[in-house]
Amino acid sequence: MSAILPGATVGVLGSGQLGRMFAIAARRMGYRVHTFSPDSDTPTGQVADKEYGHAYEDLDAVREFARGVSVVTFEFENVPAGAVEAAAALAPVRPSGAVLYTTQHRLREKTFLSARGFPVAPFRHVTAPEGLRAALEEVGLPAVLKTAGFGYDGKGQTRIDSAADASTAFGALGGREGVVEAFVDFEREVSVVAARGREGEFAHYGVVENTHSRHILDLSVAPARVEDTTARAAVQIARAVLEELDVVGVMCVEFFLTREGRLLVNELAPRPHNSGHFTFDACVTSQFEQQLRAVCGLPLGSTELLRPAAMANLLGDLWRVGEPDWGAALRFPEVKLHLYGKTEARPARKMGHLTALAPTPEEAARVALAARDALTRRAGG
Ligand code: AMP
C-alpha cells in the first residue's frame, strides 16, 4: 500500500473546529482539503480548498465528494452509515465505517467495551419505564440515563437519584432507547488521545486531566496529575481499544478515575478530541497532523510534549455582554488563542479555546484560566 503524499487531496466528513484544525495541519504539509457537511461557511470550509454543502443523505453529492479525494476521514462521527458506505465505494475511508458504527452509538460502544473485557461502569439497555426500574435495581443509585444513540456533550442525560424518578427520567428520552449506567463518584476524569497507523504502529499523547462544566469539557491539563501506574494502565487500555477496533487514525478514550484508583472507560471518540487540542501548540506533532499521517499511511510523528500545557474552552456564553476582550488574553505571552470562525455565539457552543504553556501543569492551568477570565473583565467592572 503506497502512502498518500503531499499534493494529494484529503476529504473530511463534517465541518466543525476539529476539521478546521485538521485542515490547517494538512494544508501546512501541502495537502489539499475538501470538506462535506450540510452547512456552508463552516469552520472547516473557511480553511479548506473546497466545501461541499449537502445533506449526508444526498448520496450523489457524497459520491462526487469522494471521487475528488484520495482518502476520506471524519471530524464528526455521527455521519449516517449510508454516506460512509457511498464514500467507501470510491475512496478509502479511515477510520473504517465499522469503527464509526460502533462508536456513534452509546449502547453499541458500551456493549463492545464490556464484551472485550474493558472496564466500564455497570449499564443496562432500557426501552420502557418498567425496564428502567428493574435496571436501576441492578446498576444501583444514583444512576445516569442517557440516549442509546446520538448525543454529545451531555445532551440527553438525566441523573436519577431515586426509583421514584424513573418515569420522569424515561420521559426525558422522548421515546428514544436509553442506556442507564451507575453514576460514578469519580476522583477525576482523564483521557488518552492516541493514533494507530495502517501497519498497526501506535503513538499516544499520555494522560490528560479533564474538568467538565455542565457536561461540557471546560479545562484540560497535560500531563495529568496521576500515579505512573494509572497513566501506564490508561495508555495500555487505549492501545488495546484501538487494536480491537482496528482503528487507522486518531481516537480518544475518555475515562473516569474512581476514588479507589480504578479506571473506567466512559466514552470513545474515533477522531481528534477536544482534550487533545493542547497538542496543536504543545507537542512536536499535533493530534491533527497525526490523524493526517495515519490516514495517509505516513510514519507517525513524535508526540513529545514540549512543555506542560492547559487548554480552556471558550463557549458562546462569553459573548453574553459583547465581544470578548481578545487583547486582554493575548497580554499573557504564553497563551495561544484559537477561534473557530463561528459567527453565532450561542450559549454552550464551542467558539474557540486558549492554550497556555508553563513550567508545570498547575501553572499552565492557572494561566489559561486567568487569560480566559481576562476576556470578560471589563475596565471598572
Ligand atoms: P458523556 O457525554 O457520557 O461523556 O458525559 C459527559 C460528562 O457527564 C462526563 O464527562 C461526566 O462529567 C458526566 N457523566 C457522564 N456519565 C457519568 C456517570 N456515569 N457518572 C458520573 N458522571 C458522569
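**A helix with two faces, and a sheet of strands**

Let's start at a small landmark: just after helix 6, G140 takes a positive phi of about 90°. Keep in mind as you look around that this is a predicted model.

Now step back into helix 6 itself, which covers residues 129–139. Its buried residues are L132, A135, L136 and V139. Try finding them in the 3D view: they span an arc of only 110° around the axis, so they sit on the same side of helix 6. Which residues are on the face turned away from that buried side? There you'll meet the exposed residues E130, E137 and E138. As for what covers the buried residues of helix 6, the list includes helix 7 (166–172) along with strand 5 (123–126), strand 6 (143–147), strand 7 (157–160) and strand 8 (178–182).

Next, move on to a sheet further along the chain. How many strands does this open sheet have? There are 8, paired antiparallel and arranged in the order 13-12-9-10-11-14-16-15. At the edges you'll find strand 13 (263–269) and strand 15 (335–339), each of which pairs on one side only. Going from one strand to the next, the twist averages 25°.

Let's zoom in on one pair. Strand 10 (residues 202–213) and strand 11 (residues 216–222) run antiparallel, and 5 bridges join them. For H212, the bridge partner in strand 11 is L217.

Finally, look at what packs on this sheet: helix 12, residues 361–376. Helix 12 touches strand 11, strand 14 (309–315), strand 15 and strand 16 (350–357). The direction of helix 12 makes about 25° with that of strand 14.

Key:
Residues are numbered from 1 along each chain as its sequence is written. This is a predicted model: local features need pLDDT of at least 70, side-chain atom pairs count only at pLDDT 80 or more; totals for chains, interfaces and linings use all residues. Side-chain values use heavy atoms; hydrogens and water are left out. Two strands pair if DSSP finds at least two bridges between them. Helices (H or I, at least four residues) and strands (E, at least two) are DSSP runs, numbered from the N terminus. Axes are lines fitted to C-alpha atoms, for helices over the stretch in contact, and angles run from 0 to 180 degrees between N-to-C directions. Contact means heavy atoms within 4.5 Å. Buried means under 20% relative accessible area, exposed over 50%, partly exposed in between (1.4 Å probe, protein chains only). The arc is that of the directions from the helix axis to the C-beta atoms.
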